[in-house]
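Work through the exercises below with the sequence and the structure side by side, trying each task before reading its solution.

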Amino acid sequence: MRSLILVLIGLFVGAACTLILMNALRTGTAYPNGVMAVMSAQMGALNDSIKQNRCAATDLTPRLQTLRHLGNDLEPAFLPTQDDERFIAHSSQFRAALDAALATPPSDCAAAGVALDRVKNGCQACHRDFKG
């Protein structure tokens, strides 16, 4: 009887530890989530600027620069996909769209909308292939 109770306790503790470990592995680190959260906030702020007709280079350039700097962190943030050619291509497309927008800052809201659409297309292509 004593052995049966010890086996049941062992099974319960083992199952609990397995669940804790699986949950920890599933959540990953905060780094990729942080990169995506900041990128999302910057994209939202750019959208708001365009909607509010605040499209001067001084309004848009700081946010585009932040997105460009975060673009450098895409491969390190998503380690399992850093060697995937599709992921690298999407990251490069995203950075190229931002480089183009920064090289010739939009002069009005129409141009800003076009530049932002190019950046969004880079985001959406990657999310379509990897986020599901």
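**Exercise 1.** Which residues in H6 are buried?

*Solution.* The model used here is a predicted one, and helix H6 covers residues 109-131. The first step is to apply the cut-off, by which a residue is buried when its relative accessible area is under 20%. In H6 this picks out Cys109, Ala112, Ala115, Leu116, Val119, Gly122, Ala125 and Cys126. The next step is to look at the spacing of these positions, remembering that an α-helix has 3.6 residues a turn, so residues three or four places apart point the same way. The last step is to find what lies over these residues, and the cover includes H2, helix H3 (57-71) and H5.

**Exercise 2.** Decide whether lysine 120 and glutamine 42 are buried or partly exposed, and find what each of them touches.

*Solution.* Begin with lysine 120, which is found in helix H6. Its relative accessible area is 24%, and because buried means under 20% and exposed over 50%, lysine 120 is partly exposed. Leaving aside neighbours within four places in sequence, lysine 120 is in contact with Met43 and Asn47, and its side chain makes a polar contact of 3.0 Å with the side chain of asparagine 47. Turn then to glutamine 42, which lies in helix H2 and, at 13% relative accessibility, counts as buried. When residues up to four places away in sequence are not counted, glutamine 42 touches Arg63, Thr66 and Leu67.

**Exercise 3.** Describe the largest pocket by its volume, its lining and the helices that supply that lining.

*Solution.* The volume of the largest pocket is about 490 Å³. Of the 22 residues that line this pocket, Met36, Phe78, Cys126, His127 and Lys131 are the closest to its centre. Sorting the lining by type gives twelve nonpolar, eight polar and two charged residues. Tracing the lining back to the helices, one finds that H2 (30-51), H5 (85-103) and H6 (109-131) each supply at least two residues.

**Exercise 4.** What does the radius of gyration say about how spread out the protein chain is?

*Solution.* Start from the secondary structure, which comes to six helices and zero strands. The radius of gyration is 22 Å, well over the 14 Å that the globule rule gives for 132 residues, so the chain is more spread out than a compact globule. As a further step, consider the C-alpha trace, which spans about 80 × 30 × 20 Å along its principal axes. Finally, count burial over the whole chain, where buried residues make up 27% of the 132 residues.

How values were computed. Residues numbered from 1 in each chain as written. Predicted model: local features only at pLDDT ≥ 70, side-chain atom pairs only at ≥ 80, totals over all residues. Heavy atoms only, no water. 1 Å grid on protein atoms, 1.4 Å probe; cavity = no way out; pocket = protein on both sides within 12 Å on 5 of 7 lines; lining within 4 Å. Points joined across faces, edges and corners; volume = space filled by probe spheres on them. Helix = DSSP H or I, 4+ residues; strand = E, 2+ residues; numbered from the N terminus. Nonpolar A, V, L, I, M, F, W, Y, C, P; charged D, E, K, R; others polar. Buried < 20%, exposed > 50% of the residue type's maximum accessible area, 1.4 Å probe, protein only. Contact = heavy atoms within 4.5 Å. Polar contact = N/O pair within 3.5 Å; in protein donor to acceptor, adjacent residues only side chain to side chain. Rg over C-alpha atoms; globule rule 2.2 N^0.38 Å.
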